[in-house]
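Me: I have a structure open and would like to talk through how its descriptions are justified. Could you help me with that?

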Amino acid sequence: MTGFFDNKIEFLKGVGPQRAALLNKELNIFTYADLIQYYPFRYEDRTKFYKIAEIREDMPFIQLKGKIRYMETVGHARRQRLVAYFGDDTGEIQLVWFKGLQWILKKLRTNIDYVVFGKPGRIGRNINIAHPEIEVLTEKNEAGGYLQPVYSTTETLKNRYVDSKTISKLQRTLIGEAFRHIHETLPPNLVNQYSLLAKNLAIANIHYPEGQQMLQQATYRLKFEELFFIQLRLLKLKLTRQQKFRGIVFNNADLLTNFYNQHLPFELTGAQKRVIKEIYRDMRSGSQMNRLLQGDVGSGKTIVAFICMLIAIGHGSQAAIMAPTEILANQHYNGLKDYASKMKLDIALLTGSSKTAERKEIHEKLLNGSLHILVGTHALLEDVVQFENLGLAVIDEQHRFGVAQRAKLWRKNESTYPHMLVMTATPIPRTLAMTLYGDLDVSVIDELPAGRKAIKTMHHYDANRLKVFGFLKQQIEMGRQVYMVYPLIEESAKMDLKHLEDGYESVNRAFPDYAISIVHGKMKADAKEYEMDRFVKGETKIMVATTVIEVGVNVPNATVMVIENAERFGLAQLHQLRGRVGRGGDQSYCILMTDYKLSKEAKTRIKTMVSTTDGFVIADTDLKLRGPGDISGTQQSGLMDLSIADLGKDGQILQLARSAAEKILEEDPTLSLAKNKNIAAQIGRQKKSVVNWSRIS
Ligand code: ADP
Ligand code: MG
């Protein structure tokens with residue numbers, strides 16, 4: 001069955017085979033549905049005329065009404081430009097052309113009324129508008145007052161005369177034909193409750209707004225719908241899983257109690273205790289657990305994972321933990337080994353570098369059930385790795401793994417899926433978590449172990465370096481160690497490497513009495529390891545490095561993190577780097593070094609770092625600054641191809657849409673009530689279209 005919106009774009013009046021091929025290739029537009037969902041990314045306001053006296057250079061595109069009083073060409077030969085002095089009853093402004101002077105000169109007349117549209121700018125002291133659109137004033141354009149949609153296009157399209165205006169015309173043609181085919185996708189009671197615009201009006205107004213207010217309503221409606229269906233899908237997934245996938249019921253707490261009473265190395269924080277309770281409740285519930293555990297660096301996730309493993313092992317099951325890198329897997333293994341040996345449990349490490357004999361032994365012990373805990377990297381996912389009875393699978397730093405890998409780990413237990421605990425130290429803003437992990441339950445460790453002193457963060461300009469060096473010297477003399485981190489990115493690798501080496505030289509000169517380590521990604525692995533090792537042992541006092549130390553290094557005696565060219569790092573990265581210090585009981589410091597010249601965004605980043613250590617505040621700011629596309633984990637999810645909603649800005653709509661979806665599923669989990677038939681129909685249509693499940697048609 002094909003509907004109206006499945007029509008190929010080439011059949012739309014004004015398109016034809018050649019333009020269709022272009023639209024396919026350049027914009028991924030194949031069908032009527034694709035075109036109608038190709039929304040403008042901004043609008044030019046032609047509803048209002050500004051007075052010249054109101055104009056400021058930082059205004060967006062504006063519209064003026066007035067007369068050309070005088071024109072002249074200035075400059076000579078190739079540098080020539082045409083200046084028209086354009087006035088209304090409040091003042092005068094220059095309209096400037098650098099290209100096509102002859103043609104424009106012929107077209108323009110003085111002392112007749114024009115409508116001018118363009119973006120104010122400045123040359124020297126004069127505010128002007130370069131290359132404005134200019135039309136003779138008519139009754140139509142004076143009264144018309146419309147919002148002109150702007151669609152993004154490509155160079156190729158523009159060269160073939162398909163620009164924003166062309167697309168706009170095609171949209172108008174299409175909407176004329178399509179209007180009566182546009183179905184309402186939301187239930188009428190929901191449309192009423194949230195005062196949403198009807199779907200067909202929303203679509204028409206997003207392409208041809210009747211005015212600001214209609215545009216706002218149309219945008220709101222389409223965002224709501226988009227987020228609603230995403231949330232509905234995620235919540236439904238969760239519901240299905242809870243009903244369909246039974247979980248092993250773990251209700252033997254003997255091992256846990258034993259560990260608590262005899263071997264607990266420190267008092268757990270309130271947050272750790274709460275989280276363990278949440279997890280234990282899931283593991284006994286009879287449903288399979290899928291829980292995300294968020295906790296900032298150093299919040300103590302490892303011991304939580306271990307305690308949950310005890311719950312599974314106490315019941316005769318096995319547990320596994322997977323980390324994204326060998327360094328991290330090693331670190332986990334070393335940490336867990338101590339706990340495990342106290343509990344007389346068998347634990348092994350499996351990574352890409354495990355020897356064949358070792359592997360064989362591990363495989364055997366896994367199958368006969370004598371190995372209780374397996375720690376490893378992706379190597380865990382290989383088919384040869386089979387468990388006798390995997391009860392709990394933990395994934396660390398989830399954002400580095402794809403959903404497919406998560407699923408693969410799931411299937412390691414044939415009869416009943418293992419409980420899953422996914423851990424991340426990357427704080428994810430709530431709105432994003434609801435979309436990325438909307439099908440998971442979320443626990444948060446929002447408290448650091450007692451006795452940790454909050455890291456003090458300071459900002460210094462490069463010119464203050466001597467003072468900073470003086471401070472480092474003090475710290476080293478107190479017996480502490482220091483990291484100095486330099487940016488090194490692919491695009492400017494050569495320059496960056498030179499900076500790093502220069503930095504190393506200058507530190508060497510400034511601290512002739514201390515041994516210094518240097519580590520960067522271009523070094524051989526064994527050289528790197530040697531340098532790291534010296535620092536870990538305290539033989540070197542300063543570690544000059546690139547961000548290779550971002551994850552995995554744990555040196556409690558290091559109390560100062562100096563970040564050079566801090567303006568070049570993103571917030572998430574700065575936060576991760578800062579997390580390398582403050583791991584012991586001593587007061588730690590983070591020093592952000594920057595140039596005097598900082599962009600507005602860089603200033604915000606630095607200010608945020610100085611004012612807070614709260615990972616969630618930082619993540620929220622990051623989301624607002626950069627948008628969701630750049631936040632780690634979002635790319636693989638495939639959920640970020642939103643056509644209109646913006647997770648950075650539309651948190652409120654998302655909340656509403658999610659709670660609306662929750663209510664509906666609560667009352668009608670199978671979506672079979674008559675009042676929800678629009679939803680069921682829309683989900684059916686979405687399933688049909690593989691390419692983009694949010695399309696309308
Ligand atoms: P992360 O959440 O970053 O994985 P870890 O689990 O590595 O943190 O814990 C960081 C450090 O804090 C470890 O040395 C760990 O032993 C210690 N730790 C964890 N919980 C507590 C606690 N409740 N009290 C004191 N120290 C703790
Ligand atoms: Mg950890």
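Me: What share of the 697 residues of the protein chain count as buried?

Reply: Happy to help! In this predicted model, 52% of the 697 residues count as buried. The word applies because each of those residues has under 20% relative accessible area.

Me: And what makes K301 a polar contact of ligand 1?

Reply: A polar side-chain atom of K301 lies 2.7 Å from an oxygen atom of the ligand. The cut-off for a pair of N or O atoms is 3.5 Å, so this pair qualifies.

Me: Why is the pair between G300 and ligand 1 called a polar contact?

Reply: Here the protein partner is a backbone N or O atom, lying 3.1 Å from an oxygen atom of ligand 1. That is within 3.5 Å, so the name fits. For S299, a backbone N or O atom lies 3.5 Å from a ligand oxygen atom. As for cover, the protein takes up 73% of the 560 Å² of accessible area that ligand 1 has on its own.

Me: Which residues around ligand 1 are the closest?

Reply: Those are E267, G298, K301, T302 and R452, out of 14 surrounding residues. By class, the shell has 4 nonpolar, 6 polar and 4 charged residues. G298 goes with the polar ones, because Gly is counted there.

Me: What percentage of the contacts in the protein chain with a separation of 6 or more joins residues 24 or more positions apart?

Reply: That would be 73%. The chain itself has 25 helices and 22 strands, and its C-alpha trace spans about 95 × 75 × 40 Å along the principal axes.

Terms used. Residues are numbered from 1 along each chain as its sequence is written. Chains are lettered from A and ligands numbered from 1 in the order in which they are written. This is a predicted model: local features need pLDDT of at least 70, side-chain atom pairs count only at pLDDT 80 or more; totals for chains, interfaces and linings use all residues. Side-chain values use heavy atoms; hydrogens and water are left out. A residue is near a molecule or strand if one of its heavy atoms lies within 4 Å of it. A polar contact is a pair of N or O atoms within 3.5 Å; within protein, one must be able to donate a hydrogen and the other to accept it, and residues adjacent in sequence count only if both atoms are side-chain atoms. Accessible areas come from the Shrake-Rupley method with a 1.4 Å probe; for residues, only the protein chains shown count as cover. Helices (H or I, at least four residues) and strands (E, at least two) are DSSP runs, numbered from the N terminus. Buried means under 20% relative accessible area, exposed over 50%, partly exposed in between (1.4 Å probe, protein chains only). Contact means heavy atoms within 4.5 Å.
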